[in-house]
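This report describes selected features of a single protein model. The sequence and the structure are shown first, and the description follows.

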Amino acid sequence: MTPVELKDKIYWVGAVDYDVRDFHGYVTPRGTSYNAYLIRDEKTALVDTVKKEFLGDLLARVRGVIDPAGLDYLVVNHVEMDHSGAVPDILEAAPRAVIVCTQKGREGLEKHYGIKDRAFRIVKTGDTLALGRRTLQFITAPMIHWPDSMFTYVVEDKVLLPNDGFGQHLASPKRFADEVGEDLCMEEAAKYYANILMPLGSVIAKKLEEIARLELDFDIIAPSHGAIWRRNTGRILRAYQDWTAFKAGPKVTIVFDTMWHSTEKMAHFLAEHLARRKIEVKVYKVRASDGSQIVRDILDSRVLLVGSPTLNADMFWTVGGFLTYLRGLKPKGKKVGIFGSYGWSEAASKMIRRDIEAMGLEILEPAFEVQYVPGEDEMKKLEAYADRVAAAVGQ
Ligand code: FEO
């Protein structure tokens with residue numbers, strides 16, 4: 001349990017959660033980490049804490065640098081419990097520490113932990129805190145990820161601590177993206193953005209513009225989850241610009257479920273036909289898939305195809321459940337094709353259409369529907385439908 005120095009006297013003192021596989025519904029096959037940072041100067045500041053059950057790891061790493069009783073400031077960038085769970089214990093261990101947070105952060109700490117009889121320093125964008133040789137600059141970041149959120153910037157060292165921003169759910173004994181593998185980190189960052197931050201894309205785009213106006217340089221971007229970006233920080237910044245703009249490539253994500261394999265047969269046929277047109281295709285049977293990964297692939301797909309048989313005068317319930325999740329994530333700019341099979345009423349396509357319209361996405365009309373089992377003639381028509389999908393992709 002040793003601290004890791006990012007720059008002179010700036011340390012990672014967080015915890016790695018190798019075992020978590022479900023992060024409030026987000027499937028995390030690679031685990032995650034809760035990153036906290038310690039800045040030692042004439043005054044010493046701890047930026048964020050960890051999930052409560054990892055308090056021991058945090059304290060052990062802090063003790064590797066200083067006695068926690070000597071902490072002067074506890075900066076709370078975000079009140080969600082994966083970062084603030086250890087706050088009450090840290091405050092007990094650090095009786096002199098002043099809490100630095102936004103006004104909403106203060107309200108959140110009181111609501112979560114009853115913290116009120118404590119010294120607070122409430123900050124907003126532009127406020128600074130001198131630690132000695134170093135200065136902390138604060139940038140409020142409401143809704144990235146909660147109303148209380150803010151970023152902390154270590155001015156002299158050009159280190160950005162953006163909490164949930166630019167993070168990944170990824171556990172590793174290595175701390176830096178260049179050590180873990182940048183491509184893997186980018187992939188997990190995309191999944192994280194799609195599942196946590198996508199509904200807040202317009203807010204994040206404005207924040208990126210604001211940061212650009214502040215003309216801050218970043219030697220290191222150290223988020224609160226996953227690997228730390230210390231090389232090529234422009235890559236993750238550019239990716240966020242693309243994701244917030246819903247920039248998509250020649251890619252189709254096919255999401256379906258099936259009862260007696262008719263919808264499945266169509267899904268697989270569409271996938272093969274589109275792949276022959278040099279389109280990247282991802283195929284997911286909802287019941288057999290990680291919904292968080294499906295959303296990650298929708299993020300940069302130009303077209304989404306949703307397939308379902310009719311069951312009980314509705315779409316298949318797994319498809320309905322997935323669309324409910326997707327609706328909350330507010331995807332934009334996608335074209336959506338609908339396909340499936342039915343026995344005696346074409347209910348599934350109507351229900352899917354209702355949900356897609358509620359998301360404000362463009363529907364490729366008409367839907368492609370087959371009674372019972374697709375025959376030879378229908379598979380030929382499906383080929384023509386695939387050509388229309390390819391045209392919608394631009395291939
Ligand atoms: Fe990682 Fe919004 O908490």
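## A buried lysine in helix 6

Lys 191 counts as buried because its relative accessibility is 2%, below the 20% limit that the term requires. This value, like the others in this report, was computed from a predicted model. The residue belongs to helix 6, which covers residues 182-197.

The contacts of Lys 191 beyond four places away in sequence are with Tyr 26, Val 27, Pro 29, Asp 290, Ser 292, Gln 293 and Arg 296. Asp 290 and Arg 296 are thus among the residues that Lys 191 touches.

## Overall architecture

The protein has 395 residues, and 58% of them count as buried. Its secondary structure consists of 13 helices and 23 strands. The C-alpha trace extends over about 80 × 35 × 35 Å along the principal axes.

Among contacts with a separation of 6 or more, 72% are between residues 24 or more positions apart.

## The five-strand sheet

One open sheet contains five strands in the order 12-13-14-15-16, and its pairing is mixed. Strand 12 and strand 16 (220-221) form the edges, each pairing on one side only. Helix 7 (residues 201-214) packs on this sheet, where it touches strand 13 and strand 14. The direction of helix 7 makes about 145° with that of strand 13.

Strand 12 (residues 128-130) and strand 13 run antiparallel and are joined by three bridges. Within this pair, Thr 128 has Gln 137 as its bridge partner, and Ala 130 has Thr 135. Four residues lie between the two strands of this hairpin, in which Gly 132 adopts a positive phi near 140°. On the pairing of strand 13 with strand 14 (residues 150-154), the arrangement is again antiparallel, with five bridges. Thr 140 stands opposite Met 150 of strand 14.

## Burial of strand 13

Strand 13 spans residues 135-140, and six of its six residues are buried. Thr 135, Gln 137 and Ile 139 point one way from the strand, whereas Leu 136, Phe 138 and Thr 140 point the other way. Both sets are buried. Gln 137, the bridge partner of Thr 128, is therefore under 20% relative accessible area, as the term buried implies.

## Val 319 and its surroundings

Val 319 lies in helix 11, which comprises residues 317-328. Its relative accessibility is 1%, so Val 319 counts as buried. Excluding residues up to four places away in sequence, Val 319 touches Phe 256, Asp 257, Val 286, Val 306, Gly 307 and Ser 308.

Val 319 is also separated from Ile 352 by 33 residues in sequence and by 8.5 Å in space, C-alpha to C-alpha. One of the residues in contact with Val 319, Ser 308, recurs in the lining of the largest cavity.

## Cavities

How many cavities of 30 Å³ or more does a search of the whole structure find? The search finds three, and the largest has a volume of about 50 Å³. Its lining is made up of Ser 308, Thr 310, Ile 338, Phe 339, Gly 340, Ser 341, Tyr 342, Glu 346, Ala 348, Ser 349 and Glu 369. Strand 22 (335-342) and helix 12 (347-359) are the elements that give two or more residues to this lining.

Strand 22 provides the largest share, five residues. By class, the lining of the largest cavity holds four nonpolar, five polar and two charged residues. The glutamates in this lining are Glu 346 and Glu 369.

## The largest pocket

The largest pocket has a volume of about 320 Å³. It is lined by 18 residues, and those nearest its centre are Met 259, Thr 310, Tyr 342, Gly 343 and Trp 344. Helix 9 (262-276), strand 20 (310-311) and strand 22 each contribute at least two residues to the lining of this pocket.

Nine residues of the pocket lining are nonpolar and nine are polar, with no charged residue. Thr 310 and Tyr 342 line the largest pocket and also appear in the lining of the largest cavity. Strand 22 likewise contributes to the pocket and to the cavity.

How values were computed. Residues are numbered from 1 along each chain as its sequence is written. This is a predicted model: local features need pLDDT of at least 70, side-chain atom pairs count only at pLDDT 80 or more; totals for chains, interfaces and linings use all residues. Side-chain values use heavy atoms; hydrogens and water are left out. On a 1 Å grid over the protein atoms alone, a cavity is a set of points where a 1.4 Å probe fits but cannot get out, and a pocket is an open set with protein on both sides within 12 Å along at least five of seven lines; lining residues have an atom within 4 Å of a point. Grid points are joined across faces, edges and corners, and a volume is the space filled by probe spheres set on the points. Ala, Val, Leu, Ile, Met, Phe, Trp, Tyr, Cys and Pro count as nonpolar, Asp, Glu, Lys and Arg as charged, and the others, Gly among them, as polar. Buried means under 20% relative accessible area, exposed over 50%, partly exposed in between (1.4 Å probe, protein chains only). Two strands pair if DSSP finds at least two bridges between them. Contact means heavy atoms within 4.5 Å. Axes are lines fitted to C-alpha atoms, for helices over the stretch in contact, and angles run from 0 to 180 degrees between N-to-C directions.
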